[in-house]
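Student: Pick one part of this model and take me through it closely. Start from a single side chain and work outwards to what surrounds it.

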Amino acid sequence: FLGVVIDSKLNWTAHMHYIRKKLRTMTGAICRIRHSIPAELYLKIYNALFESHLSYGISVWGVVLKERSNDSLFITQKHCVRILFGDLDSYLDKQSTCARTRPYGMQKLDHKHFEKEHTKPIFNRLKILTAQNLYKYHCILEFS
C-alpha cells in the first residue's frame, strides 16, 4: 500500500515507528498553529491533520493496537487532544515550577501538580474515537 510500511516478517514494527513519527510531526504542527485559528475549527484541524493519518489503512495494520496495552500511538493521540482541547490555563500553571513564581502558601508541590489532565472526558464530549476504537469502527465498516 502507499503509505503503509510492510516488512518481511509482517510484525508492523516499522510501520508503527513511521506512523508515530508522522503523528508527532502533525501534533507539533497543530501546536504551532492553534493560536492563530479560531477554537471552533479545532475539531476540523484535528480530523484533517491528525486523525486522517491515524486512520489511513488502519483496518490492515490496526490489529497491532490490540496487542499493546501501553500503546504509544494512543499516548500520542492523547497528547494531541490535550494540546487542542485541554485546559491551557491549568497546563501553564503546572509549568510554573519555580517556587518564586507561585503565590505564597503554594510553594510545595503535591502529587496533583504532576498529574496530567484526563482525556476520557474530552474524547466523550467531542465524540472522538481512540486509536483502538477507530480500528474497530473501520473493521465494522469494511466487513459488514
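Tutor: Beyond its neighbours within four places in sequence, Thr-76 is in contact (heavy atoms within 4.5 Å) with Arg-20, Leu-23, Arg-24, Thr-27 and Phe-50. The model is predicted: local features need pLDDT of at least 70, side-chain atom pairs need pLDDT 80 or more, and totals for chains, interfaces and linings take in all residues. Numbering starts from 1 along each chain as its sequence is written, and side-chain values rest on heavy atoms, without hydrogens or water.

Thr-76 sits in helix α5, residues 72–85. Helices here are DSSP runs of H or I with at least four residues, strands are E runs of at least two, and both are numbered from the N terminus. The relative accessible area of Thr-76 is 6%, so Thr-76 is buried. The cut-offs are under 20% for buried, over 50% for exposed and partly exposed in between, with a 1.4 Å probe and protein chains only.

Now the host helix. α5 has 14 residues. Its first and last C-alpha atoms are 20 Å apart, close to the expected 20 Å; the expected span is 1.5 Å times one less than the number of residues. Thr-76 shares its buried state with other residues of α5, among them Ser-72, Leu-73, Gln-77 and Cys-80. Further along, Val-81, Ile-83, Leu-84 and Phe-85 are buried too.

What does α5 meet in α1? On the α5 side, the residues are Ser-72, Leu-73, Thr-76, His-79, Cys-80, Ile-83 and Leu-84. On the α1 side, they are Met-16, Ile-19, Arg-20, Leu-23, Arg-24, Thr-27, Ile-30 and Cys-31. By class, this contact holds nine nonpolar, four polar and two charged residues. Nonpolar means Ala, Val, Leu, Ile, Met, Phe, Trp, Tyr, Cys and Pro; Asp, Glu, Lys and Arg are charged; the others, Gly among them, are polar. The α1 and α5 axes come within 10 Å and cross at roughly 5°. Axes are lines fitted to C-alpha atoms, for helices over the stretch in contact, and angles between N-to-C directions run from 0 to 180 degrees. The two helices are therefore roughly parallel (under 35 degrees; over 145 is roughly antiparallel, 65 to 115 roughly perpendicular, the rest oblique).

Turn to α1 itself. It has 21 residues and spans 30 Å from first C-alpha to last, close to the 30 Å expected. Its buried residues are His-15, Met-16, Ile-19, Arg-20, Leu-23, Met-26, Thr-27 and Ile-30. Viewed down the α1 axis, these fall within an arc of 130°, so they line one face of the helix. The arc is taken over the directions from the helix axis to the C-beta atoms. The face turned away from that buried side carries Lys-21, Arg-24 and Arg-32, which are exposed.

α1 also packs against α2. The axes of α1 (residues 13–33) and α2 (residues 42–55) come within 9 Å and cross at roughly 175°. α1 and α2 therefore run roughly antiparallel. From α1, the contact draws on Ile-19, Lys-22, Leu-23, Met-26, Thr-27, Ile-30 and Ile-33. From α2 come Ile-45, Leu-49, Phe-50, His-53 and Leu-54. Nine of the contact residues are nonpolar, two are polar and one is charged. Phe-50 brings α2 back to the starting point, as one of the residues that touch Thr-76.

One step further along α2 is Glu-51. At 18% relative accessibility, Glu-51 counts as buried. Its contacts, leaving aside neighbours within four places in sequence, are Tyr-46, Ile-128 and Leu-134. Its C-alpha lies 8.9 Å from that of Ala-131, 80 residues away in sequence.

Just ahead of α1 is Trp-12. Its phi is positive, about 65°, although Trp-12 is not a glycine. Most residues other than glycine have a negative phi. Trp-12 is buried, at 12% relative accessible area.

Last, the setting. The protein has eight helices and zero strands. Buried residues make up 32% of its 144 residues. Of its contacts with a separation of 6 or more, 71% join residues 24 or more positions apart.
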